[in-house]
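Let's take a walk through this one, from its main pocket to its charged pairs and its cysteines. Have the structure open as you read.

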Amino acid sequence: MNEVVGRDDLLLLTLDTLRHDVAVELAAAGRIPNLARHLPGGVWEERHAPGSFTYASHQAMFAGFLPTPARPGPHPRLFAARFAGSESTAGRTYVFDTPDLVSGLAAAGYRTVCVGGVGFFNKQGALGDVLPGMFQESHWEPAFGVASPTSFEAQVERAEQVVAALPADQRLFLFVNASALHQPNWFHRAGATAEAGDTRATHAAALEYVDRHIGRLLTAMSSRRRCFAIVCSDHGTTYGDDGYTGHRLAHEAVWTVPYAHFFLEPSA
């Protein structure tokens, strides 16, 4: 990462609330072709989330604690704050001297931009300002939120505008929090109703919806130079698993998340 930072643009896309099992099933069945073509070997890596809900998980990720490989470690991290005795900081780790990765990348000359999704990014109150407030530039509007059936399309369009407005020599760290997977997601599946509510099947349909539009985002991010992309979930969720519904709880479906990182080569 010490070679990547300063040379390439960076993308962190969190597919908020995406379950690992659903992501794996859809990739194997060919239902998310646009994502799957970028996954190493065509498969998601199984990892453990750093938190059980959006706010906690993103605070950790922005501190350099991305989801941890779901196997015995230690696991060297891509990014880490300078911290004496850190066992997950290795020679290849990009070490920053600020409290969080976002300000660390800004100090390294990156333009840091957030395109928010779920409520913790809506800037409509003090709590909703914390995470987007880390960035030099942040965007949120109701069209990006969980209640919008076209949220990801709207987020991608804003990301395209951000990229197009930057000077050619300006490095970019773009963070996008995709809200489409988060409840309510029933409207992404044909025939589903609000009365019937969200299900594992509507959750899967929401991922298919994201996949239909993700190509535009990846094309935009590789339009100026090579881009290092991280695509992952911040936590999963439950749909009646062992009697549980939702997240912010300790269940395998919440703690186990899909993860991938890869390079996007310049399209021009």
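## The largest pocket

Sort the residues lining the largest pocket by class and you get 7 nonpolar, 5 polar and 3 charged. Bear in mind that this is a predicted model. The space in the largest pocket comes to about 270 Å³.

Who sits in the middle? Of the 15 lining residues, Arg 47, Pro 69, His 75, Pro 76 and Arg 77 are the closest to the centre of the largest pocket. As for secondary structure, β3 (68-69) and β12 (256-264) are the elements that give two or more residues to this lining.

## Arg 47 and its partner

Arg 47, one of the residues closest to the pocket centre, also has a charged partner. Glu 45 pairs with Arg 47 in a salt bridge, with their closest N and O atoms 3.2 Å apart. Arg 47 is buried, because its relative accessibility is 10% and the cut-off for buried is under 20%. Glu 45, at 25%, is partly exposed.

## Arg 19 and the salt-bridge network

The model has 16 salt bridges. Side chains of opposite charge can pair when their charged atoms come close. Two of these pairings involve Arg 19. With Asp 21, the closest N and O atoms are 2.8 Å apart; with Asp 241, the N to O distance is 3.0 Å. That second pair links the loop between β10 (238-239) and β11 (245-246), where Asp 241 lies, to the loop between β1 (9-15) and α1 (20-28), where Arg 19 lies, so it ties together parts that are 222 residues apart in sequence.

Is Arg 19 buried or exposed? Arg 19 is buried, at 3% relative accessibility. Asp 21 is partly exposed, at 27%. Salt bridges with shared partners join Arg 19, Asp 21, Glu 25, Arg 200 and Asp 241 into one network.

## Cysteines without a bond

How many disulfides does the model have? The count is 0. A disulfide is a covalent bond between the sulfur atoms of two cysteines. Take Cys 227: its nearest cysteine sulfur belongs to Cys 232 and is 14 Å away. Why is Cys 232 not bonded to Cys 227? Because 14 Å between the sulfur of Cys 232 and that of Cys 227, the closest cysteine sulfur, is too far for a bond; the cut-off is 2.5 Å.

Both cysteines are out of reach of the surface by the numbers: Cys 227 is buried at 0% relative accessible area, and Cys 232 is buried at 1%.

Key: Residues numbered from 1 in each chain as written. Predicted model: local features only at pLDDT ≥ 70, side-chain atom pairs only at ≥ 80, totals over all residues. Heavy atoms only, no water. Salt bridge = Lys/Arg side-chain N within 4 Å of Asp/Glu carboxyl O. Buried < 20%, exposed > 50% of the residue type's maximum accessible area, 1.4 Å probe, protein only. Helix = DSSP H or I, 4+ residues; strand = E, 2+ residues; numbered from the N terminus. 1 Å grid on protein atoms, 1.4 Å probe; cavity = no way out; pocket = protein on both sides within 12 Å on 5 of 7 lines; lining within 4 Å. Points joined across faces, edges and corners; volume = space filled by probe spheres on them. Nonpolar A, V, L, I, M, F, W, Y, C, P; charged D, E, K, R; others polar.
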